[in-house]
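Visitor: I have a structure to walk through, and I'd like the reasoning behind each label. Could you take me round?

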Amino acid sequence: MARLISDKYEAWKKECEERFLKLKQNEEKLNQIFIGIYGLQDELTSDVADKDVTVHMVYDSKDDVAESMKSSNYARTLRDEIVSLISYAVGCMFGRYSIDTEGLCYAGGEWDISKYKTIIPDADNILPICDDDYLEDDLTLQFIDFVRKVYGEETLEQNLQFIADALGGKGTSREVIRNYFLDGFYSDHLKIYQKRPIYWLFDSGKKNGFKCLIYMHRYQPDTIARIRTDYIHEMQSRYRTAIDGLEKQLESASGSEYAKATKQLNKLKDQELELIKFEEKIHHIADQMISIDLDDGVKVNYAKFEDVLAKLK
């Protein structure tokens, strides 16, 4: 079995193409049959346009999409497939899916931990998204571990680079992936679920002082309190430690080193201030121990936490 995601992608692309051509061929044969039955040879053609074939075709980039598929909703790119992989990985981290069990594993109801062996779902249903390795269960670190466990340690760096190249962006593969989780993942999630997200993003603001995801179907009334006490308070402590360290560093720094440390210090202070304000909002909601009813749907339940959740743009 191939251990490179690039090999998996090429195999999937070929499978999609074969399925696409087979369906198109079958539809054209059916058209020929009906045209013959009703004697419409002089009025209709059996040809089926590519854009009307309702299975996916995968292209390496938007520029590679065939002209005949430009207006099709079924034309996908490498980036689309990688975004789907990332979404699936996050689903495994939350227990919605499992590497070891086919189909949907959990969307409410009875929790069965025996379904999960390769990837064990996050215990508290909270995945922080940090702009550095501040917390052990940071989403970026969890995703890297997912790639390692599923595809192997020996191909980890190649696979991370393939993912990063597909996403696009500057920096190392890990930096690109981290930036995607910080700034791109949720907008893609909203598109996939048509602004009815099943993963909810708690977001302190533009400075990225604090972000975390939870899985709506595993929400509990004490989840917000856990976010506050186990994560926000911990991040506040990490920021304070980092700020103190930079302030001491500045006492002996000069030149470019001083400028770099000053820039980082200002960034951390902005994040700390943003998080202080966010903690006040979270505290207010946590004390209410709000319950949700999955039968009410995403829109109704999301509105209960709109002051601390990312906007549904």
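Visitor: What makes you call β5 mostly covered?

Guide: First, a caution: this is a predicted model. As for β5, five of its five residues are buried, and buried means under 20% relative accessible area, so "mostly covered" fits β5.

Visitor: Which way do the residues of β5 point?

Guide: Lys211, Leu213 and Tyr215 point one way, Cys212 and Ile214 the other way, and all are buried. So both sets fall under the 20% cut-off.

Visitor: How do you know that β5 pairs with β4?

Guide: Two strands pair if there are at least two bridges between them. Five bridges join β4 to β5, so the pair qualifies. The two strands run antiparallel. Among the partners, Asp203 stands opposite Lys211 in β5, and Trp200 has Ile214 as its bridge partner there.

Visitor: And what makes β3 a partner of β5?

Guide: Two bridges join β3 to β5. The requirement is at least two, so this pair qualifies as well. These strands also run antiparallel, with Leu127 opposite Leu213 in β5.

Visitor: Why are β3 and β4 called edge strands?

Guide: Start with the sheet: three strands form an open sheet in the order β3-β5-β4, with antiparallel pairing. β3 (127-128) and β4 each pair on one side only, and that is what makes them the edge strands.

Visitor: Let's move just along the chain. Why is Asn208 called buried?

Guide: Asn208 has a relative accessible area of 16%. Buried means under 20%, so Asn208 counts as buried. Asn208 lies in the loop between β4 (199-203) and β5 (211-215).

Visitor: What is Asn208 in contact with?

Guide: Leaving aside its neighbours within four places in sequence, Asn208 is in contact with Leu182, Asp183, Tyr239, Gln271 and Glu274. Contact here means heavy atoms within 4.5 Å.

Visitor: How do you know where empty space is left?

Guide: You roll a probe the size of a water molecule over the atoms, and that shows where empty space is left. In this model there is one cavity of 30 Å³ or more. The largest cavity has a volume of about 40 Å³.

Visitor: Which residues line the largest cavity?

Guide: Asn208 turns up again here, along with Ile129, Cys130, Asp131, Tyr134, Gly209, Phe210, Lys211, Met235 and Tyr239. By class, the lining has six nonpolar, two polar and two charged residues. Gly is counted among the polar residues, so Gly209 belongs in that class.

Visitor: And the largest pocket: what lines it?

Guide: The largest pocket holds about 650 Å³ of space. It is lined by 28 residues, of which Leu201, Asp203, Ala310, Lys311 and Lys313 lie nearest its centre. The elements that give two or more residues to this lining are α5 (173-183), α6 (185-192), β4 and α8 (255-286). By class, the lining has 10 nonpolar, five polar and 13 charged residues.

Visitor: Which element gives the largest share of that lining?

Guide: That's α6, with five residues. In α6, Phe185, Tyr186, Asp188, His189 and Leu190 are buried. The buried residues of α6 pack against α2, α5, β4, β5 and α9 (297-303). After α6 comes Gln194, whose phi is positive, near 50°.

Visitor: How do you know that the span of α1 agrees with what a helix should give?

Guide: Helix α1 has 34 residues (5-38), and at 1.5 Å a residue they should span 50 Å. The expected span is 1.5 Å times one less than the number of residues. The end C-alpha atoms of α1 are 49 Å apart, so the two values agree. Gly39 follows α1, and its phi is positive, near 65°.

Visitor: Which residues of α1 are buried, and what covers them?

Guide: The buried residues are Ile5, Tyr9, Lys13, Cys16, Phe20 and Ile35. Their cover includes β1 (57-59), α2 (78-94), α3 (139-151) and α4 (156-167).

Visitor: Stepping back, how many helices and strands does the chain have?

Guide: Nine helices and five strands. Of the 313 residues of the chain, 44% count as buried. Among contacts between residues at least 6 apart in sequence, 60% join residues at least 24 apart. The C-alpha trace spans about 85 × 50 × 35 Å along its principal axes.

Methods: Residues are numbered from 1 along each chain as its sequence is written. This is a predicted model: local features need pLDDT of at least 70, side-chain atom pairs count only at pLDDT 80 or more; totals for chains, interfaces and linings use all residues. Side-chain values use heavy atoms; hydrogens and water are left out. Helices (H or I, at least four residues) and strands (E, at least two) are DSSP runs, numbered from the N terminus. Buried means under 20% relative accessible area, exposed over 50%, partly exposed in between (1.4 Å probe, protein chains only). On a 1 Å grid over the protein atoms alone, a cavity is a set of points where a 1.4 Å probe fits but cannot get out, and a pocket is an open set with protein on both sides within 12 Å along at least five of seven lines; lining residues have an atom within 4 Å of a point. Grid points are joined across faces, edges and corners, and a volume is the space filled by probe spheres set on the points.
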